[in-house]
2 protein chains.
Amino acid sequence: MTYADLDQLAINSIRVLAVDATSQANSGHPGAPMGMAPISHVLFNKFMKFNPKNPKWINRDRFVLSNGHGCMLQYALLHLFGYDVTLDDLKNFRQLGSKTPGHPEAHDTPGVEVTTGPLGQGFANAVGMAMAEAHNAAHFNKPGFELFNNYTYVFFGDGCAMEGIASEAASTAGHLQLGKLIGIYDDNKISIDGDTACAFTEDVAKRYEAYGWHVVSVEQGDTDLEAMEKAIAACKEVKDKPSMIKLTTTIGYGSKLQGTGGVHGNPLKADDAAEVKKKFGFDPEKKFAVPQEVYEAYGKTAAAGAAAEEEWKQLFEKYKQEYPELGAELERRLKGLLPEGWEKKLPTYKSTDPAVASRKLSEIVLEALYPVLPELIGGSADLTASNLTRAKKAVDFQPESTGLGNYGGRYIRYGVREHAMGAIMNGLAAYGDIITFGGTFLNFVSYAAGAVRLSAISQVPVIWVATHDSIGLGEDGPTHQPIETLAHFRALPNTMVWRPADGNEVSACYYVALTSKHTPSIIALSRQNLPQLENSTIENGIKGGYVLQEAENANITIVSTGSEVGIAVDAAKTLKEKHNVVARVVSMPCWEVFDVQPKEYQLSVLPDGIPILSVEALSTLGWEKYAHESFGLNRFGASGPYKQVYEKFEFTPEGIAKRAVATINFWKEVTPIRSPLNRAFQHII
Amino acid sequence: MTYADLDQLAINSIRVLAVDATSQANSGHPGAPMGMAPISHVLFNKFMKFNPKNPKWINRDRFVLSNGHGCMLQYALLHLFGYDVTLDDLKNFRQLGSKTPGHPEAHDTPGVEVTTGPLGQGFANAVGMAMAEAHNAAHFNKPGFELFNNYTYVFFGDGCAMEGIASEAASTAGHLQLGKLIGIYDDNKISIDGDTACAFTEDVAKRYEAYGWHVVSVEQGDTDLEAMEKAIAACKEVKDKPSMIKLTTTIGYGSKLQGTGGVHGNPLKADDAAEVKKKFGFDPEKKFAVPQEVYEAYGKTAAAGAAAEEEWKQLFEKYKQEYPELGAELERRLKGLLPEGWEKKLPTYKSTDPAVASRKLSEIVLEALYPVLPELIGGSADLTASNLTRAKKAVDFQPESTGLGNYGGRYIRYGVREHAMGAIMNGLAAYGDIITFGGTFLNFVSYAAGAVRLSAISQVPVIWVATHDSIGLGEDGPTHQPIETLAHFRALPNTMVWRPADGNEVSACYYVALTSKHTPSIIALSRQNLPQLENSTIENGIKGGYVLQEAENANITIVSTGSEVGIAVDAAKTLKEKHNVVARVVSMPCWEVFDVQPKEYQLSVLPDGIPILSVEALSTLGWEKYAHESFGLNRFGASGPYKQVYEKFEFTPEGIAKRAVATINFWKEVTPIRSPLNRAFQHII
């Protein structure tokens, strides 16, 4: 517990690397790395357990830089400890195609656990990772076999502390008594607008105590390495509460502008950078110069981590002998494989089966999969009985002391905290052996837009069970009826937006969502009952779009999703009977999945030659991609019994038929009528 | 301060009305109204100052039901006090076209201040309304002329208390020391998932104290009217802190299921409803039966409110004589008029003027308008120096004790709290005499999606200054580069999404945004410099789309927005020089405004006969509405210097020209080529 010059040298090496990289890029944030170098040094060398040669070791301690703009701190650490981040990578900080982008991206950089930068997200991710550890420990650990015991450390700054998502996550973590979660709050009193006195004068420590956290303070966060070590050690001792260390630091420590907003988001001026180097005993003429002894010291920590993993592997080998079933399960989960035959549990339906709300069909899937997919863990943002997300035999994920469940439980009570739920799911999924879902109303997935975006960027396959997906929710009215939501998430890259029409399609979308390795899913589900459709099958559904009702010499193709598909089928009957018009009907539960089918298949579904009309009781935005004309809802809905609301907006067989006839007439004069799938050039993807 | 049978009768009348209305609708939430009837009775009769005959009186006390699902409480109160909400309206609760929708909607129901239901929003609205009062008081009040002194009361439940937006807003309100804001927390320990013990065990009172609030508790919130009155009176005495009353109530008080989730979101069973009525001394056979003496008692309160307004009007008359300038300003603002000639201050540019980033052009507008529009009040979510939202002479809106400004100040330091900022803006705008804007990166408007949606539904014309609007922000990378954001908000009804291309267009969008009475605006602005374009004018810009560069015998129309318009102009040159292709160029800064131009004008901009190519460095979703082919970015961006990022994705004159040629070739075989503006049928709007 005594610190020597070498420690200081290492700390200053980190600081100087941050100065050099931001100067070289002429862009970036030197302040936070310079301020948080000391705590990083202590944390990584004295406490953290990790193997830079295998950044995916499941029982590693997790580190999340929620104040992701300070990423040069993390990149410097990764480099010094021997992760696959070279000095050249640091020199390419914030350059095109580098491993060192402007904010940490999990799929770009080995050792970065989660993608951060959008403030508050990393903090909530860390809560999810700590929940994952607690669950794994409860599920797998046996006497003498502590397979899971890692800590999750998260750095966060004033910006994160101000964001509502972090408040939601902190309240959740306190409730869940996550003893292995340790947050380090960089209390540097500077945000972009300057001194936090201008906007953020609350008592953060007291607030975290109110959430049920253990809170300690370290006043001399720039220099007092012993106090930092003591604080972390004390936090590790508190087993039934998450801990927060309020660490008072000086942003840009060492710079002439230290302690001001001037060092937050701008590289140091050349003379200032030179002065910093001199002050820290570095050659001001040299850039990216790391003393060899620092590499050596950090190499020792890395070696200890590698040894720890080796030990863990041996333990796991013994565990597999002692507990072959659980051992095999963990091995399977770590490989990202689902149990053989799991998909046979997916329910299928005949068209003679009764009409059922798709939220209920989703419940049937979750119920069926509960016993076969132990890695499937999820919950709801306080809408369990509406989202229908809880299997009957599920145990709540709760601290035992609540008497409401245990950490082995797989059902999460998120409270009314959609944004945190989204980010916690990202953390649960990032942990490595968990598949996770979360329920809320489709309309309130928007509250979590920031987290959904990060699922997509960081390629984390979480699943949103998004019920009450249209004006079909009825009386709750426009404040709860989504209009823009599907367009929003369809525009978000790497996101599957599903709107299944019946039972087989619900099974199909779960099949794709659960086998997806890199893409999140949003499954939009109805409150109201939907008929089981003829020709719908899981095999059809997993193509994202298919011909539900073929017809020879058709005059029009009607393409629809979810609750409107059944109405479109009825509209086809009306068209035949009343208008002598032949309509094909296409169900397209997921654009993004349809988009990756072979072009030939796509054109067999939405062929040239006849016009295409889309029908969906939501914004029409984007449907022109598949249809010549679009029938939808480009205004807010209305409060009333849902059938009346549907009638008001003409989502009826007659309303669709009328527009189909108009479409046919309107497109008569155009030749050739080409499917909108034919395009002049490819999008950049 | 003594309460009699009549008080109890009134309270029970509210309860019974909630039971009857939800039963009649067979839908809705009786629990919260039954639990919060007593506090409502005390608050509205003993404290609140309002005139049901003029719900818009500017100095009325504001009431916000943030737990908006309990709206039958509010509807019952509005009815009893004589607002334009009849007993028939209550009978039509949650029916199509009624004044009593499933959640309170400000533009539907007289006396509803803001649209609530999405949890946490109303709480943050109330913070905005209290800020508006504080500002108006500082700006207008003079010795002997307390024109503004109203209180803002907000009811909120566990759901609101869990939402991050409310945490952000509460922290803001504490910092701002809003003494006239009083929150009443319905601590009924029930949310939809049941007992809050399952997810929400923090110490809410302590948390609010940490935010700097004055907190008192009332244990017997069902019965102890005296304690409620005392608590509110005590809160009113605390002038330098917002106050929170933790009011312990029993949800569904009186029902067999009281205190359980069973009364939260479902009407009472018939026998239970009958029992409730008997218990409260009502005839179980009668529905919607309000004792006459309750009407009379509430009528007295209403009459006192009307008298208070009368008194205020007389005071204002005297004020106008004493302070003619301020008096005239307030009168003008209350009429919703802007000062004559204000628009002459909007800057204009010639094409020879230097290239300037549109965020900077926005700053120039805000600077120019600062002295002429005293009602223009805004801020930034901790990105002031990036959003460029602060006029040089602006004073911060701060409590004097901070030494950083005063309540007369018009610049708001929101901290890193985008969601609260959005909802606070809704509250500021709802107050009645303020126009407000808020700055953040375009990408982080998504954090506030819930609040933006409510601006749109409730028709509140707030302005988002959304800078760093594309991959053009460069090094910060994909986590900060919007892709889906414009598509998202273009799909949101009643929202103007602007992406101006140069100085004149920036002035144009501010012109439309500031004169808008019912529609919010999101103004997407570049980080990078943009050239001033030939033929751009304010007059053109305010049409939402216009021909920037006309050409005879053109082969193609290129339609573009913002930073890509200048590149499109260069592409037209490249096309002429290298491909012998003639291109028209259209700038379309705002779809929604273009959409309401006469069809003839629209077709003159995007005419039949030649193909149309859209160019925008964001998701192409929705552009098919205006263009035959779309060049955009349907993937995440990249971290790097912005020019390199633009080149990588081919947003260059050559990249556009290549696609224009492909578009022309591809559309050659189709006749006729019709503008996509021609449609088979009209959307429902």
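The following exercises, each with a worked solution, concern a predicted model.

**Exercise 1. The two chains**

Task: Determine by what turn and shift chain B can be laid on chain A, and through which surface the copies meet.

Solution: Begin with the superposition. A turn of 180 degrees, with a shift of 0.0 Å along the axis, lays chain B on chain A with an RMSD of 0.0 Å. The two copies are thus related as by a two-fold rotation axis. Next, consider the interface. Of the interface residues of chain B, 100% are also interface residues in chain A, so the copies meet through the same surface.

**Exercise 2. The setting of D187(A)**

Task: Locate D187(A), decide whether D187(A) is buried or exposed, and list what D187(A) touches beyond four places in sequence.

Solution: First, the location: D187(A) belongs to strand β3 of chain A, which covers residues 181-187. Second, the accessibility: the relative accessible area of D187(A) is 6%. Buried means under 20%, and therefore D187(A) counts as buried. Third, the contacts: setting aside residues up to four places away in sequence, D187(A) touches K246(A), L247(A), T248(A) and T249(A). In addition, the side chains of D187(A) and K189(A) are joined by a polar contact of 3.0 Å. Finally, I251(A) is 64 residues from D187(A) in sequence, while their C-alpha atoms are 9.2 Å apart in space.

**Exercise 3. Strand β6 of chain B**

Task: Describe how strand β6 of chain B is covered, how β6(B) is joined to strand β7 of chain B, and which unit β6(B) helps to make.

Solution: Strand β6 of chain B spans residues 214-218, and 4 of its 5 residues are buried. β6(B) runs parallel to β7(B) (residues 243-248), and 5 bridges join the two strands. Within this pairing, V216(B) stands opposite I245(B). Together with helix α9 of chain B (residues 225-237), β6(B) and β7(B) make a right-handed β-α-β unit.

**Exercise 4. Two histidines of an annotated site**

Task: Place H69(A) and H264(A) in chain A and establish which residues they contact.

Solution: According to UniProt, in an unreviewed entry, the feature "binding site" includes H69(A) and H264(A). The annotated positions are spread over 376 residues of sequence and, in space, up to 33.9 Å between C-alpha atoms. H69(A) lies in the loop between β1 and α3 of chain A, and H69(A) is buried at 14% relative accessible area. H264(A) lies in the loop between β7 and α10 of chain A and is buried at 11%. Beyond four places in sequence, H69(A) contacts H29(A), H103(A), L119(A) and H264(A). For H264(A), the corresponding contacts include H69(A), H29(A), I192(A) and I251(A).

Definitions and conventions
Residues are numbered from 1 along each chain as its sequence is written. Chains are lettered from A and ligands numbered from 1 in the order in which they are written. This is a predicted model: local features need pLDDT of at least 70, side-chain atom pairs count only at pLDDT 80 or more; totals for chains, interfaces and linings use all residues. Side-chain values use heavy atoms; hydrogens and water are left out. Copies are superposed by least squares on the C-alpha atoms of residues with pLDDT of at least 70 in both. Contact means heavy atoms within 4.5 Å. Buried means under 20% relative accessible area, exposed over 50%, partly exposed in between (1.4 Å probe, protein chains only). A polar contact is a pair of N or O atoms within 3.5 Å; within protein, one must be able to donate a hydrogen and the other to accept it, and residues adjacent in sequence count only if both atoms are side-chain atoms. Two strands pair if DSSP finds at least two bridges between them. A crossover is right-handed if, with the strands pointing away from the viewer, the path from the first strand over the helix to the second runs clockwise. UniProt positions are given in the numbering used here, feature names are shortened, and annotations may be inferred rather than shown by experiment.
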